[in-house]
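Reader: Could you walk me through one part of this model up close? I'd like a connected tour rather than a list.

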Amino acid sequence: MARTVHTFCRYCLASCGVDVTVAGGRVVKISPDKQNPHSWRDFCAKGRTANEVVEHPRRVRAPMKRVGDRYVEASWDEAISDIAARLDSIIDEGGPDAVGAYYGNPAGYSSSNLIFMNGLLDAIGTHNRYAVGSVDQNALHVVAEKMYGSSLMVPVSDVDNCDYFLIVGANPAVSAWNWLESVPGGWRRTLARQQQGATVVVVDPVRTETATRADIHLAVRPGQDWALLLALVKVIVDDGLHHRGDCADLATGFDRLRELTAAADLDDLARRCDVPRESIIGVARGFATARRAMVVTRTGVSLHLGGTVAEWLGQVLNVITGRMDRPGGRRFEAGYVDALRLADLAGTAPHRSRLAGRDLVAGAHALSELPDEITTAGRGQIRALVINSGNPVVSGPDGAKLDRALADLDLLVAVDFVQRESHRHAHWLLPAVHWLERDDLLAFTSNLHDEPYVHYGVAAVEPPPLAREEWRIFTDLALAMDRPLFGVRGMNAFVRATRRLARVARRPQLEFGPYWVHRLLVATSRKVNGRRLSWRAVVAHPHGWVLGPREFGRFRGALRTADKKVHVAPPEFVARTRELLDQAPPSAPSDFPFQLANRRQRHSMNSWLNDLPGLHPAGKGSQVVIHPDDARQLGIGDGDLVRVASPVGQVELTASVHDQPRRGVVIIDHGWGSRVFDPVGGAAPLSYGVNRNLLVDGGRVDPISQTAALNSSYVSVERVG
């Protein structure tokens, strides 16, 4: 008999409520849960096809050990013992930093994965931690840290009351207003405001789906968003249109900002960003004088060498015009768990990378540094790596270089559902558990929703018998290595005691694990709209629970800066802006005349999930989009096979001739080109699309955020044959 399980999708921050129909222990249908009061309206093909991952014919269902050129199934006891022994040996020879870890997006949408992964890394004592955030979101974390005192203090958007939207480097018509904040149905709600008279301005070098619906589209030169945003700040400051109360009372450093804008020339900035001076002035004045307005910046500004400056200036516009924590602007959602306080308590020991000498950002080093850290000899050289729910060869820059480095490791362990591109040299493949097969409470992201909201997501089906949740894998390794989980003395003995108790009492929940974390977080949650949560109340809302209306006025109290003020002009950001102003505007090399850009596909998911046939029915993601005038000059027609090359790599794919991009810009979608191997049967790998990041030099990074220049790379295009 079929039954329906109410839970939520854990592929992205939208956390859409879903109804999962189960029969005979298998998922037969996934549909939006229309009783969910918060999030179901952004339901997409990623959630609809989630069971394809669970039932993937090449899913790793048991620990697989590499023996020569093939893999053989092994027991968990053998896997944990062998990996632990190898890690101990590597640590004895090279120190704790000889062990590294990389985690991808899926790890962040598990309530237990990252907690226990860091518990293992703390047990080992390694600082060599790498994350997907350095690919596309570090700029926001760096800016939040310097301006607000916490890398996790991310403002959310109050779209329902906004009169003037300035959307920079974002395509919410496709991405559903979802990136380090979640505004369910955000684009539809924005269009509703537009129908009521709100103005929508989009800044993007590509005429995206969002730009086509905008009142004003500024087709900025790629990578020069910072120049446009500085020009807007300059006009507002020079014209005295800033909100003087906020600048004097809430913010500090405004005089330094004024000095920067005074030194900048508006005509020079207009030339840099290739937007007419009159358009800049019109948008600046329209934004500053609108009753309620907001600036929203996204990945489009982050993937460039000036990404941190652009992200900073977007935040500055909101602060100096009084848009912070006010209706129609960007507000601070406290969430039911104080994630900022917990981050302060957990902390991250400061560390500089061995070779580049760069600091951690949001607890991790830049992925672009990983290949050299593996191949360069010396104390702390990485000799063992755990890849946790990630595919860095495809997600990050210069994947060929990283692939060669991974082949050089003494130990590579992959925790995932299938063997992906980044796992092809793995010594061990460890089977993970899908979100359809586990319970989750995503408490640490509760401050990133646009209203107070809680949902306890329950498992819909049982995992394969030999699959293990990631938290248990990391705990087992710490126990086997006899190194204290979380670096806390006595923790291992406590874990063993709870395991014995759970076994004797036949109550699995008594074992220390995610259930303990979930219960503790609810028990210590803050009051929301005057009410404290209880576990009984949370689980009594299987469709999710909106805890009350949106609250304003919490931004100032949440600031983590020592003086409880917004630091509107951090010296390192000002200095970096002056560097950019002193440099000549970048120009394309003669042999690589096109700038490489990216775009969002609603039903693809970076390097995660793009190996599912259900997500790319027409082979999308395998094309290069080129402007008709550029194509004509090159003798390229729609559908022709072309070669796109850069100084570090080349790919071949079909051309799509379209006027979406500016002239001189070509678009290749990010996240494709990973192979899925067959470790059990040895059949030929499956592959869809091409890896555009093979064209990106990982050595060129934003010096502040350490983000690689994924969209500041130059390429050549030629017809093949």
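At what angle do helix H14 and helix H15 pack, and how far apart are their axes?

Author: Happy to, and bear in mind that this is a predicted model. Two packed helices are described by the angle between their axes and the distance between the axes. Here H14, residues 266-273, packs against H15, residues 277-289, at an angle of about 105 degrees, and the axes are 9 Å apart. Angles of 65 to 115 degrees count as roughly perpendicular, so that is the label for H14 and H15. On the H14 side, the contact is made by Leu266, Asp267, Ala270 and Cys273, and they meet Arg277, Ile280 and Ile281 of H15. Sort the residues of this contact by class and you get five nonpolar, two charged and no polar.

From that pair, let's go back along the chain to H9, which spans residues 186-195. This helix is mostly covered, with seven of its ten residues buried. Which ones are they? Gly186 and Trp187 are buried, as are Arg189, Thr190 and Leu191, and then Arg193 and Gln194. The cover over these buried residues includes two strands, E9 (164-168) and E10 (199-203), plus two helices, H8 (172-175) and H10 (209-213). After H9 comes Gly197, and its phi is positive, near 115 degrees.

Now for the loops around H8. Ala170 sits in the one between E9 and H8. Is Ala170 buried or exposed? The cut-off for buried is under 20% relative accessible area, and Ala170 has 7%, so it counts as buried. Leaving aside residues up to four places away in sequence, Ala170 touches Asp204 and Arg298. The Arg298 contact spans a good stretch of sequence: the two residues are 128 apart along the chain, yet their C-alpha atoms are separated by 5.2 Å.

On the other side of H8, the loop between H8 and H9 holds Ala176 and also Leu180. Both are worth a look for their backbone angles. Ala176 has phi near 65 degrees, a positive value in a residue other than glycine. Leu180 is not a glycine either, and its phi is positive too, at about 55 degrees. As for accessibility, Ala176 comes out at 9% and so counts as buried. Leu180 is at 15%, so it is buried as well.

For a contrast, jump to Lys34, in the loop between strand E3 (26-32) and helix H1 (45-48). The cut-off for exposed is over 50%, and Lys34, at 60% relative accessibility, therefore counts as exposed. Its C-alpha atom is separated by 8.0 Å from that of Val18, with the two positions 16 residues apart along the chain.

Last, the empty space inside. Rolling a probe the size of a water molecule over the atoms shows where empty space is left. The count here comes to seven cavities of 30 Å³ or more, and the largest has a volume of about 120 Å³. Its lining is made of 16 residues, and those nearest the centre are Pro106, Phe417, Arg438, Glu470 and Trp608. By class, the lining of this largest cavity has eight nonpolar, four polar and four charged residues.

Conventions
Residues numbered from 1 in each chain as written. Predicted model: local features only at pLDDT ≥ 70, side-chain atom pairs only at ≥ 80, totals over all residues. Heavy atoms only, no water. Axes fitted to C-alpha atoms, helices over the stretch in contact; angles between N-to-C directions. Helix = DSSP H or I, 4+ residues; strand = E, 2+ residues; numbered from the N terminus. Parallel < 35°, antiparallel > 145°, perpendicular 65-115°, else oblique. Contact = heavy atoms within 4.5 Å. Nonpolar A, V, L, I, M, F, W, Y, C, P; charged D, E, K, R; others polar. Buried < 20%, exposed > 50% of the residue type's maximum accessible area, 1.4 Å probe, protein only. 1 Å grid on protein atoms, 1.4 Å probe; cavity = no way out; pocket = protein on both sides within 12 Å on 5 of 7 lines; lining within 4 Å. Points joined across faces, edges and corners; volume = space filled by probe spheres on them.
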